[in-house]
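Reader: I have a model open on my screen and would like to know how its labels are earned. Could we go through a few of them together?

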Amino acid sequence: MEAYRNSSNTFCSFFVFFGLLFLFMSTMPITNAKVQATPVKRLCKTHSTITVNGMYPGPTLEVNNGDTLVVNVVNRARYNVTIHWHGVRQIRTGWSDGPEFVTQCPIRPGGSYTYRFTIQGQEGTLWWHAHSSWLRATVYGALIIHPKEGDSYPFPKPKREAALLLGEWWNADPIDVVRQATRTGAAPNVSDAYTINGQPGDLYNCSSTDTIIVPVDSGETNLLRVVNSALNQQLFFKVANHKLTVVGADASYVKPFTTSVLMLGPGQTTDVLITADQPPARYYIAARAYASAQGAPFDNTTTTAILEYKSAPCPAKGATIKPVMPTMPAFNDTATATSFTTSFRSPRQVPVPTNIDHNLFFTVGLGLNNCPPGASRSSCQGPNGTRFTASMNNVSFVLPSNFSLLQAHQQGIPGVFTRDFPANPPVKFDYTGNVSRALWQPVPGTKLYPLKYGETVQQVPVGGWTVIRFVADNPGVWLMHCHLDVHIGWGLATAFLVENGVGILNLDLIDLGNSTGFGPPEITTLLFNWAYNGSYIHLNFSASFHLTYDRSNELFSPSSHGSTCDFTCKLEVILGHSSQVNNTNRIRCLEVERRALLKIKHELVDSHGRLSSWADDENAWDCCKWRGVHCHNRTNHVTRVDLHDPLAGDYYNRSPLRGKISTSLLELQHLRYLDLSFNDFEYAPIPEFIGSLTNLRYLKLALAHFSGPIPHHLGNLSKLLYLDLRNNYYCNSENLDWISGLGSLEYIDLSFTNLSKAYNWLQAVSKLTSIKELYLRGDLPEIPLSLIPEINGSSPLGILDLSWKSQPWTPWMLIRWFSNFSSTGLTYISLYRNGIPGPIPDVFENMISLAYLDLGINDLQGGIPKYFGNFSSLIGLYLDENNLTRDISDLMLNLSGPIEKKLEYLYLGGNNISGLFPNMSKFSSLLELKLQENQLNGSIREGYLRLHHLVSLDLSSNQLTGPILS
């Protein structure tokens, strides 16, 4: 494919930069795809834009049908992110699908995630994009799937191929756009331009010099791969004076048909052949909105690229020849759109399931929520003082915030979702006419529709309608949603939960070897994906070769020694517990525990109906299916009770439980996980009897409005791994000896509980030899030097947070103690807002693992120690709001060394730093630079701010003059 100006790079660049490798049943190193902020100039303005490897759009990926992909995504942006491989049928690789909080938790800033999946039975054009908030406005690229090696297209091979990605551009951060809409309850602002391969084209300001050019030779036939990557808009697409032969859509071949116009919804792809049979010239490729909703605002502009014949006559010197413009359909030309979409046919007969197990009738639409009581007008700017919402079958989908749906399903985490998405709308009415006002305010919820493996489903949406049939043959959680991102944010979604089951899988030739236990990494990894939900799994090969997976040893062992199996065969896979297949519908909780749960509910005040599934009737007898309850697969004992408020972060929709915590909890002696966070227990004391639940591993009581002494009985929980009591402001403890009994504890957060008289807190902490994360925000007694304990052991402590002290103190000896206490090296230290006086000592000098150091809002004086330049792992250095007084050139000199290549966040604002602005270009990874409210003077020389990854810069309240030059 001949390159065209400003096009997305094809596979060679993707291999180098985006970090994808093919695995043909072998192990190869994985490189990284960096999600990062990049300066991008469009429509006369430069914006800090989230991209992949600095490219907008991102790299084009070219693969063959049958290839296996491994992509390690590293997040260096300031937002959470996931990557979705749009249209790829993730066969038993649901963890790689990508929708945020559906198949994975988001990749946090500084984190990474590896996607691995195989393209099977798909050829044509797909694409990849971010699936977190509105990041996909700029984080996307083409995914081109060629036929298998040796196969060919079902049409004459084109001379060239070009991918054309249609997009939307905002003269603002797209995340700010959607956040403003969420705050106001109104519709988000429409885009400022459409784009083709990231460029708006000739019809927009400051854009004509970068318009995309697609070169052709007269007489040749080329393949255009058109992708609608826009967030919220269906688009018409035309090439002036040229016919288009449609040969594929969404990685499937279609029966060819000829048209002059395409119409693509967001997320759709169409492959077309175009023959250069017109007089040599330059012809516009154009796209504009198809917007049939009456009264709804939309971006009514047109983006262009240019189809340029190589033999086109050159214009006279100083003259320009304007390309030929196509006549575009009217924005509301439904007849043209319908004519195109109804022209698609399969090239061959498709088997359609005839035995239907689930007949689902879905209605989809928008709604209006009344303004919540006490809310300001500014938060209810929808029609007539309302807030926009959307729903399917009158359920407005709410994404979870702590666990992904797939994780909650596979690990049995309660309280994350329910299995009661309705199969039919709640009210019957004329679905093509006016909607009953009773349905304008849908019910919010995280409701999934469960399916057994192999069941056949028929869906019938309405209004504009279609009938869909499919077989639920891929276990996992699969999001069904509107691909206009404005609508999914309002709740126009649901998800299918497909249970594990028995199925047939085709495998290529694999030599399984002849040992008693084999573990080639490529096969072990492949097969482990099928075994993740069971203690062991039995695989029965048609060549009479048997394998058993022992999860405890992570090894597959042949049942008959010395066998070798070279074969192309079908493999019968039992997914799930081999002795528990399909047992999920037969689990029945123990009667004594069911009664205990009902007593617990009886003593709670549930004003929001969160415990409505906890019912004492025959239809709800199985308490293991109650919301927030999880039972052991074999013993049926209740092992988890999760009653945290899932809407705690939504001020207007919080739903805390109140009342009393019942002693009936003691009847759940097999309980391993208890979460009562973010409720309102009206300043009652933490119940002492919780300390008798000795099988607990996780105890979460954060921000639950408890008061009084923290019961020392919690020290009896010797198996506890995780303890979170933070933000119970009226709880106190004058003696922390009780935590010394928590020998297995890895995480503890006692932040903002009253520990001001707990003088033995350090002695108690010194006995936590398994601790990895320690959070003690808020006041602590200062430990005299004579009382600092000897270090008699060590721990894998990595995170230490001693921030937010109301009285000044000097913690340097404590930091040295914790550094020696940590066997792995501290990676994160926060002494934020501690009132620490004086210079920064040498206490951090040997902390080679340190990645984040927060010393902001203290009274530190002088400068930055020279040894800071040797920090080879430091990502964030926060020294803002102190009393640093040196010349900035001296400070930057002390930050010379390995730190220059790694540092991403440098906060020095609010000090008394003086001098001329220094050359900051040596900090090549810097994302955020804060130097506001100092005494810097003079001008910024050209090149001193040449920071290609910089996202945020604050130089306000200095004495700088002149322009800011990069």
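Reader: What makes E12 and strand E20 a pair, and in which sense do they run?

Author: Happy to help with this predicted model! Two strands pair if there are at least two bridges between them. E12 and strand E20 (residues 302–309) have four bridges, in the parallel sense, so they pair by that rule. Within this pairing you can find Ile 213 opposite Ile 306 in E20.

Reader: Why are strand E12 and strand E17 called edge strands?

Author: Look at the order of the open five-stranded sheet, E12-E20-E19-E14-E17, where the pairing is mixed. Strand E12 (213–216) and strand E17 (262–264) each pair on one side only. On average, neighbouring strands of this sheet are turned by 25 degrees against each other, direction ignored.

Reader: What lies across strand E14, E17 and strand E19?

Author: That is helix H3 (residues 334–341), which runs at about 90 degrees to E17.

Reader: How do you know that Phe 818 is in contact with Trp 761?

Author: Contact means heavy atoms within 4.5 Å, and Trp 761 is among the residues that Phe 818 contacts beyond its neighbours within four places in sequence. Others include Leu 762, Val 765 and Leu 826. Phe 818 and Trp 761 are also among the residues touching the most other members of the largest nonpolar core, which has 114 residues. Helix H9 (812–821) is one of the elements giving two or more residues to this core, and H9 provides the largest share, six residues.

Reader: What makes the core with Ala 33 and Val 951 a second one?

Author: This core of 58 residues is separate, and also includes Val 88 and Ile 119.

Methods
Residues are numbered from 1 along each chain as its sequence is written. This is a predicted model: local features need pLDDT of at least 70, side-chain atom pairs count only at pLDDT 80 or more; totals for chains, interfaces and linings use all residues. Side-chain values use heavy atoms; hydrogens and water are left out. Axes are lines fitted to C-alpha atoms, for helices over the stretch in contact, and angles run from 0 to 180 degrees between N-to-C directions. A nonpolar core is a set of buried Ala, Val, Leu, Ile, Met, Phe, Trp, Tyr and Cys residues joined through side-chain atoms within 4.5 Å. Buried means under 20% relative accessible area, exposed over 50%, partly exposed in between (1.4 Å probe, protein chains only).
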